[in-house]
Every structure is written in C-alpha cells, then in structure tokens.
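Q: I'm new to this one and want to go through its salt bridges. Can you pull it up?

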Amino acid sequence: MSLRRGLLWTLLLALTVVLTAAAATVTPHVIPTALGVVSLSGVVLLWRNVSLRLKGENRTVWGLLNQFLAVRFVTWLGKRQREKLEKDTLDIQKVQEETLLRRLHKNAHTLYGKQYNFSAIKDSEEFRHCHPITVYDHYRELVQQVSAGEENVLITGKPLILAMTSGTSGSSNMLLSTKDTSTDFFLQGVCVCVDAMRKAFPGSISLQRTLKLFYSPTVHHSEGGIPIGPNSSTPSSSKHLLYLYTTPAPAFQVLNERDALYLHLLFALKDRHVGTIESNFCSTVFYAFRALEEQWEELVDDVETGGLSRSLELHGGIRLALDKLLEPDPGRASELRAQFSEGFQGIALRLWPRLNLVLAVDSGSNQIYGELLRQNYCKGLPFYSPFYAATEGLIGINLWPLQESRHYLLCPRSMFCEFLPEESLDSEQSNTLLMHQVEEGKNYELVVTNAAGLYRYRIGDIVKVVGFHNQCPVVEFLYRRGQMLSVRGEKVSEALFLGALKKAVAQWPGAKLVDYCCAESGVLGDSSGGAQPHYQVFLELKGVRNLTEEQRYKLDCCLQADSAVYKSFRIKGSIGPMRVQLVSQGAFEALKGHMMSTNITSNTFKMQRVIRRKEYADFLLGKTVS
C-alpha cells in the first residue's frame, strides 16, 4: 500500500473511532452535529495539503488530525456563540437583568450575599438602591478571608485561583477567579473572536502552527492552599492545546523567561510555515522581536547544527527532551541568514511568508508597541486585537478585525455593567446609567458586577461609547483613572499625553519613539529638580543620542496645544516645564524585569505610563544618558 493511501486510511479509521465514541457517550440529537464537525468532506479538506505538512513541517498524522478536529469544533462553536450574541444584543436590558440576577442568586447564601440580602433582590433598580458602588478596599479583608481558606465568603465555595492584577494604576491587588470566569471568557470571548477571525482572515483556521508567546509563571499558594497567579491562559492551563504551537511541550516547563523566549524563537525559526503570531499583548511580541534582533546569529547556528546553546540554563531532563526534537537543518539556516542579512524591517513576513496575522491586544498601553511592530518587524501584516479584558474578567470583544480603530462590543452576559459619566467621576453622589441608557459620543467609567465576587465595582477604566451594535454599546478604551497626570488637578490622560508626545517626536529629525513613561515630580522628591510641580518624562528613542533644550521643550509646547487646562497652569507658572530625559537602549525592558520581580508575569504585564512608585522612577534615573 502506498504511503498516501496508508495515511488516508489512517485518517478514516481515526474519524470512525471518534464518531463511534461520540455515539456511545452523547445523546442521539448531538450525533448529527458531530458528523458535521468531523465529516468526510472535512477529511478531503485536510487531505489536500496533508502531504505538504508531513514533509515540510515534521508533523505527524495524529497531530494534524487533532488540530483539524480542534479547529473544526471551535469554528462550529464560534458560529453558535455568535448567533447567541446577536440575539442577546436585540434586547440588551432583558439580558443584563438576567445576567445580574444569575450572579446574585448563585451567591445569595454566601457571607456577603446574606449581608446584602441578595436572595430578596428582584431587579437591577433594587440592587443599585441597596448596594453601594465599591472600590478594592471594600473587599480587601474579605479577600484575605478567602485567601486563608474560608469558603462561601464572596462566592459559593472557593475560587480556582487568586489572580493578581497588573498594577498599572498602583499596587497589584488580589482578586478571585472562578470557573464561571474562565467559561465566560472561552465561550463569549475566544469562540466569538475565532468566528470573527475566520471571516476576516480565512487562512487563520488552516493547519499551520502558531508562534504562541506565553510563559509558565511561578505559582505560589495562599495559606488556605489556593493558587496565586495570573488568570490569563498559561501553558499548564492549555496542555490540551500545546500541539497547535511551534514550541514543543518540554520548552514550556522552562521558568526562566529569557531562556523560554529563546526556545520560542528557535522552534519558530525552524518552521517555515508559521501561520499566526499570538500573545496576550503586543508588548510581548515586540520584546520577542527585539530579542530576535540581538540573538539571531546564535539561534541560526542552533538551527544549522541541530543543537541547543550552552548558554541556556536548562534542567537536564528538559535539555535531553528538546535535543531529541532537534535535527541539523543547514538549508533552513541558510535561508534565515539570507533574510537577516537584509535587515529587520518586515522580517516577520520574510521569515514566514505564509503568516496570516498577529493576534494580540494593541490598544491602551500597548498601542505604542503595535505601532512599532507595524512600522518595523511586522510591516505588511494585519493585526487583530480581539479582547477588551481585565483581571476582573471579559468585558468586550472586537467583532471588526479589519477596522484600524479598536472598538469592542460589550459582552452582555459576561458582566452586569453600569456607567459613571466622566464629568461626575469625583462626585460623591453619582447615579449610574445602564447599557440601554448610555449615549453615543459620551465617556464613562465602567462599574461592573462579575462572576467572581465583585459587586458594583469601579474598575478604573474610562471608555467612550462610539456606537451600538443593535442595542448593545460599542466602546473604545480611553485611559485608566490611575494613569492620569495631575499635579494641580489638570488631569492629563495617557491618550492625551501620548498624542502630544508623538507630535513632538515627529519634530525631532531621525528620532523614533521606542518607549516612554512619566512621573509627577512629587514622586521623585528632591531628585526631581525644579521648584514648581512638573512632569518628569523618560524616553527611549532610536535614531538620536541627544536632544537640545529647544527640542525637549517641544513636548511641553505640544501638550499645551492639546490641553487648554495644562496650558493655563503653565502660563500662570503653577506648573513648571517638563523635564525630558533620555534613557539607554533596553532601559524599559530592564524596568519590565524589575517590575515583574513581584507576582506579575509577562502574560499579564502592562507597562505603567505614569509611575507612582519612587523605586521605579529611581531605576530609570539610573538609566538616564542625557
């Protein structure tokens, strides 16, 4: 029997086994669905390029079959979830009421639920009347009780993990994460976004593998035995999906992120047919390409010899397992050297000509990294920013992958959402609006009731309602309240400052912005200089080594032009001129490592644009070059 016929019979046999198992374990009305997902026509679709995959990518029949089944199943599930979402957006008030009451009734018999008499609440009006708007301090002691092992405090039973926030607005807080949180994220987030991605980028559901940049965090446990870590996906929580990625399973056991990144890059370089580059945030993708630019010669040597660099600090068992997966490939090494010798602009598509897209969030604090990638390493590639999410859970999804602006449809069954008008954020007596009451063009702070024990909780995100999908609001993330610059009450948002910074950089010949952050002068104390309160700005630039005082002052002028309030304070002299300092190349990557020495991992890390801790400001002062 020929190899091709043998492979085809293997596929048919495998599908027979799958369908037989399905028939034995599911109800009769589900079997037609299974047949649709794993049909003979699907085998024909798979067979078209199975020979190419087996020969060119060192893939196995069973690996390809697993990927085919997974893709078909999630595609089918995505269509169903999208249909449910569309139906929900037609009566948003009803769906939000159902979401709220489901959360309250599930936790009615907890310590917290009894305190606020959840079992007696009949609708959202009653809930908003009897329960206050809250911030984290409201829950701090209760979370400590949960951490100590006490059950039925904020939620029924125990949480899956205690999730640490990224700390972009100050200290990192500990929140609960539940099974419902994960289920909502998968069904209402991942599946719906797969459907949107399938329509916008048909090649993304092919049998190509993905360069997935995520890392294994060091997991601690609370005194009550509950894991403490990120609530985003990790290699350990995605074991059943690792065959979809270019990185082999043993490499995900490496806890040192520098070495883990090297392995991500090495095995991706070996695969000519990578289809997607994926990570939670564009910052992770950007720093991966920075590492590639610095280490490509060593990586190509490993591809050529089929070995592993001795500089990697790998456990003996892991090194042995990886060595078995590597074979000398001088042909691929030659291709790689030729591409790297031409420079790094557009390098992603030159290394992997069949790349479909970069899948990572590039809004908010990650906007700058997305722009840098599009201008340089990933030039010519489409980007899809799929989710608007936080440690609190899934908030919104991007149904419009091809649009340049990042707009997110609020997920009506993930959280019960309320909205505080921006103009009344500091008011002690603020009335919230509901989804069906907000207005297009207005800005609001989100207040959420989620699946993990937060009720009427101010998450600190300011969003703009840019439109509606049927009755459901579509929002654009604007800024975090804790990331405002305000030394005299002027309130300069991250978006406003970044806009002014881009205008200033455009007036500095040869300069390209790599990264930045700011600190209010009060944070630095005596080291800030200047008598009047002012902003201390740290910039990492490419293409210039120094700036004249006149060039530095351009930034102050650009912000004055964009902010009438800031300008008025500058004219009166109650705010002093900015101090702009350039830091060395790699300073922000080093700052990232310093910040992550706490409980934060690369999977959830977001660079703080406004530094609130003196130690971080002092760290950058130590990296200042001019």
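Q: What does Glu371 form a salt bridge with?
A: Glu371 pairs with Lys502, and their closest N and O atoms are 2.5 Å apart. A salt bridge here is a side-chain nitrogen of Lys or Arg within 4 Å of a carboxyl oxygen of Asp or Glu. This is a predicted model, where local features need pLDDT of at least 70, side-chain atom pairs count only at pLDDT 80 or more, and totals for chains, interfaces and linings use all residues. Residues are numbered from 1 along each chain as its sequence is written, and side-chain values use heavy atoms, leaving out hydrogens and water.

Q: Which helices do Glu371 and Lys502 lie in?
A: Glu371 is in helix H15 (residues 367–375) and Lys502 in helix H16 (residues 494–505), so the salt bridge ties together parts 131 residues apart in sequence. Helices (H or I, at least four residues) are DSSP runs, numbered from the N terminus.

Q: How many salt bridges does the structure hold?
A: It holds 36 salt bridges.

Q: Which residues are linked in a network?
A: Salt bridges link Arg82, Glu86, Asp195, Arg198 and Lys199. Within that network, the side chains of Lys199 and Asp195 meet at 3.2 Å, N to O. Both lie in helix H9 (residues 179–200), 4 residues apart, about one turn of the helix.

Q: Is Asp195 buried or exposed?
A: Asp195 is buried, because its relative accessibility is 2%. Buried means under 20% relative accessible area, exposed over 50%, and partly exposed in between (1.4 Å probe, protein chains only).

Q: And what about Lys199?
A: Lys199 counts as exposed, at 51%.

Key:
Helices (H or I, at least four residues) and strands (E, at least two) are DSSP runs, numbered from the N terminus.
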